[in-house]
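Colleague: Before I rely on the labels attached to this structure, I would like to hear how each of them was reached. Could we go through the reasoning one term at a time?

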Amino acid sequence: MLLIRLFSIIQWHHFAYMIISLALLGYGASGTYLTFVRSRWVSGFRRYFAINASLFGLSSIVCFLLVQRLPFNTLEMFWDPAQWLFLMLSYLLLAIPFFFAANCICLTFARFGGQIPLIYAYDLVGAGLGALGIILLLSYMSPMATLQWVAALGLLAAAIAVVDRQFRYRWSRAVPFLSLAVVLLMLPGHWLELRPSSYKALSQALQVKGTRVLEETSGAFGVITLTENSVVPLRIAPGLSLNNVQEPPNQLGIYVDGEGPAAVTRFEGEKDALRYLDYQTSALPYHLLNPARVLVAGLGGGSGILQASLHNAVRIDAVELNPQLIELVVGRHADFLGWDLLKDTTHIHQGEVRSHIAAGDQRYDLIQVSLVDSASAASGGVHGLSEDYLYTLEAISEYLAHLEPDGLLAVTRWLKLPPRDGLKLFATAVEALRIAGIEEPGHHLVLIRGWNTSTLVVGRKPITDQQIQRLIDFSNARSFDLAYYPGIRPGQANVYNLLPRPYFYEGTLALLGSESRSFMDGYKFDIRPARDDRPYFFNFFKWSSLPEILSLYRQGGFSLLELGYPVLVLTLLQALVISGVLILIPLGFIRQRRSDDDAPGSWRILFYFFGIGVAFMFIEMAFIQKFMPFLGQPIHAVAIVLCGFLVFSGIGSRFASRLVNGGKPAALYPVVAALIAIVLAYLWLLPLILAGLGDMGFVPKAAITLTLIAPLAFCMGMPFPLGLSRVSVRAPGLVPWAWGINGCASLISAILATLLSVHIGFDLVLISATGIYLAAVLLGYRVD
């Protein structure tokens with residue numbers, strides 16, 4: 001959890017998941033290593049546990065600092081082969097702390113084989129509380145300070161391990177470890193400074209003469225940096241028409257985890273100073289109707305509020321997920337934004353947009369979703385496999401359902417060429433309108449584009465002739481290109497910002513036609529609508545287009561490649577190779593110590609522990625996504641769902657100790673049967689339950705989430721300790737190997753679950769997990 005936060009700051013969060021998944025190879029390496037040294041380490045259990053716990057604490061800080069100093073840049077991976085070496089070094093360094101932590105757990109299993117379910121229960125409960133506790137720590141201290149405390153916990157574990165109750169001065173042995181923990185907590189701050197990628201927007205902005213940081217705050221939602229520049233003034237107005245002649249007022253720049261900027265614009269009550277906001281593509285809906293009630297998705301720096309205020313909206317509801325951003329913009333810098341002049345008509349809501357809309361029965365004249373992500377991240381394709389529930393088919397349907405009868409939905413996106421975002425969003429809107437029972441969706445849609453943004457407008461009612469004339473006048477006055485409106489003629493498209501062909505016009509007509517499925521299948525990018533079950537709006541990658549992109553290598557063709565998907569595929573291949581080596585190396589050693597008659601047992605162990613490791617991770621990752629729209633706050637949703645799965649799995653493991661001590665290994669079969677039944681039942685019941693709960697606060701939602709997770713996680717906590725207990729009785733020397741197999745399975749399945757969900761959705765990932773559990777138990781688990 002902490003490394004995800006750290007890598008979101010210094011790189012991008014998608015690649016953080018990739019590196020952290022590979023760092024889990026430390027667990028696999030631990031099992032392989034302990035297979036060879038088990039006898040010696042078990043005999044010196046207390047000493048070796050303390051050594052590994054302390055090395056975990058020290059390497060947690062040292063290895064991360066070393067990774068920061070590698071010249072790794074994700075955006076160069078496909079044209080600089082050296083980046084792959086730096087990537088490999090990164091995850092090898094990050095694997096080291098995981099390796100030492102895994103040694104502690106596996107060594108305890110090997111030493112106390114009769115108490116494996118109890119030990120595993122403590123491990124899981126600790127991990128679950130850690131997933132939740134790290135969010136609390138990040139709310140009060142910086143990520144690097146939090147890392148210091150995590151490292152100190154490792155040394156505290158070492159101190160506890162060396163305490164000997166039979167020794168008169170039993171705590172004296174713990175003093176060196178506790179002293180070292182204090183030293184780690186007191187390390188100078190400048191030693192631990194984060195070094196963000198030089199390609200992040202904030203890093204580039206700081207290279208501009210005169211840029212200075214006004215303040216920087218850190219919390220669970222990210223590191224927010226506020227900058228100003230008195231030498232080269234900030235002028236941030238995305239999608240601004242080249243016909244605009246008005247200079248924006250003074251602005252401050254907001255960066256979240258180094259990405260942005262969003263503009264905080266000085267407003268002193270003179271609306272004429274904001275006229276430049278009427279020259280953005282996002283201003284179009286204000287010319288198609290006069291909205292009294294407006295919902296703005298994302299506060300940003302307040303530009304959406306100012307644009308709505310400029311057009312005389314009576315009530316403005318702005319929904320922002322990040323509470324730190326709200327405090328910055330309408331709290332500490334409220335005077336700069338002119339909040340006193342806006343607060344009578346503007347209401348700020350902390351939360352996720354869809355959850356806010358679903359929680360009430362409000363109806364809006366206009367719902368405005370404008371440029372929620374940064375331009376640099378979008379152009380780099382680094383969000384390719386980031387889950388985003390803002391642009392799914394279900395989301396568009398919810399927005400439309402909460403509009404007044406003549407209301408409009410407006411979505412503004414960064415312009416990509418060849419067209420991707422714009423057409424995918426258009427296809428999603430077409431499908432949402434058809435689901436709503438509208439036979440002619442083309443009568444409800446308008447799309448325009450400028451030189452770097454496009455805006456799609458969707459109406460609950462058909463677009464009127466009067467609105468079409470306003471659209472044409474608005475676009476001509478600002479040199480925006482008409483991409484689609486009901487009745488558009490070919491000569492009206494691609495007039496100002498010229499493309500080789502009117503791609504947007506041709507694409508929208510194809511998506512409205514009877515052969516829309518064939519068009520999407522044949523298009524060079526994936527523009528199928530994203531769904532809540534496959535929430536990857538920013539994934540446009542198609543394998544069929546890869547050869548053509550590769551052929552354009554020396555012509556800048558890699559700018560067309562969405563990095564997320566192919567990088568994750570390559571990561572999976574590397575993980576498979578590394579895991580195969582870690583699993584197979586001990587086999588020769590095992591065979592030397594076991595008779596040929598027992599050799600088949602090794603393969604059953606491999607099948608069983610690999611299978612339950614994959615299935616556990618598939619279910620955990622899928623349900624994180626299932627609960628995320630319901631909970632509405634992604635960071636807290638991940639923490640709560642992880643906490644629930646781990647803690648209740650720990651309780652299940654604790655209960656499994658009764659089965660082991662009672663000599664009832666066959667009890668695993670009904671447990672797995674119950675697990676499979678719960679998963680399959682939730683596929684049908686969970687959407688109905690969550691949709692029927694209605695409006696409630698986050699705390700009740702969290703409690704309901706944990707309650708729903710409890711029975712499933714309780715069953716999931718039993719297969720591993722029951723299986724490992726059987727191994728401990730029959731072949732104690734294979735306990736570390738079984739542990740390593742499970743770790744390798746977690747490494748592979750974390751990547752594989754994401755890739756599978758892109759193609760088949762999370763529902764089928766869950767169904768496949770039940771099949772894997774069933775096969776692992778029937779073919780790999782023996783009770784005789």
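Modeller: Let us begin with accessibility: a residue is called buried under 20% relative accessible area, exposed over 50%, and partly exposed in between. Please keep in mind throughout that this is a predicted model.

Colleague: What makes Arg 212 partly exposed?

Modeller: The relative accessible area of Arg 212 is 47%, and because partly exposed covers the values between under 20% and over 50%, Arg 212 is partly exposed. Glu 228, with a relative accessible area of 23%, is partly exposed as well.

Colleague: Why are Arg 212 and Glu 228 said to meet in a salt bridge?

Modeller: The term asks for a side-chain nitrogen of Lys or Arg within 4 Å of a carboxyl oxygen of Asp or Glu, and the side chains of Arg 212 and Glu 228 meet at 2.4 Å, N to O. The pair links distant parts of the chain, with Arg 212 in strand 1 (residues 211–219) and Glu 228 in strand 2 (residues 222–229), 16 residues apart. By this rule, the count comes to 21 salt bridges.

Colleague: How do you know that Glu 431 forms a salt bridge with Arg 517?

Modeller: The closest N and O atoms of Glu 431 and Arg 517 are 3.3 Å apart, and the cut-off is within 4 Å, so the pair qualifies. This pair too links distant parts of the chain, since Glu 431 is in helix 18 and Arg 517 in helix 21 (residues 516–522), 86 residues apart. Glu 431 has a relative accessible area of 17% and is therefore buried, whereas Arg 517, with 47%, is partly exposed. Another salt bridge joins the side chains of Asp 421 and Arg 413 at 2.8 Å, N to O, and both of these residues are buried.

Colleague: Why does Ser 649 count as buried, and which residues does it touch?

Modeller: Ser 649 has 0% relative accessibility, and because buried means under 20%, Ser 649 counts as buried. Ser 649 lies in helix 25 (residues 634–661), where its side chain reaches the backbone oxygen of Phe 645 at 2.6 Å. Not counting residues up to four places away in sequence, Ser 649 touches several residues, among them Leu 124, Phe 616 and Phe 714.

Colleague: What makes Asn 322 a cap of helix 12?

Modeller: A side-chain oxygen of Asn 322 lies 2.9 Å from the backbone nitrogen of Gln 324, and Asn 322 thereby caps the N-terminal end of helix 12. In that helix (residues 323–332), the buried residues include Gln 324, Leu 325 and Ile 326.

Colleague: Why is the phi of Asp 257 singled out?

Modeller: Most residues other than glycine have a negative phi. Asp 257 is not a glycine, yet has a positive phi of about 55°; Asp 257 lies in the loop between strand 3 (251–256) and strand 4, and counts as buried at 11% relative accessibility. Ser 479, also a residue other than glycine, has a positive phi near 60°.

Colleague: Which peptide bond is called cis at Pro 261, and what is its omega?

Modeller: Most peptide bonds are trans. The bond that joins Gly 260 and Pro 261 is cis, with an omega of about 0°, and Pro 261 lies in strand 4 (residues 259–265). A cis peptide bond also joins Leu 417 and Pro 418, where omega is about -10°.

Technical notes:
Residues are numbered from 1 along each chain as its sequence is written. This is a predicted model: local features need pLDDT of at least 70, side-chain atom pairs count only at pLDDT 80 or more; totals for chains, interfaces and linings use all residues. Side-chain values use heavy atoms; hydrogens and water are left out. Helices (H or I, at least four residues) and strands (E, at least two) are DSSP runs, numbered from the N terminus. Buried means under 20% relative accessible area, exposed over 50%, partly exposed in between (1.4 Å probe, protein chains only). A polar contact is a pair of N or O atoms within 3.5 Å; within protein, one must be able to donate a hydrogen and the other to accept it, and residues adjacent in sequence count only if both atoms are side-chain atoms. Contact means heavy atoms within 4.5 Å.
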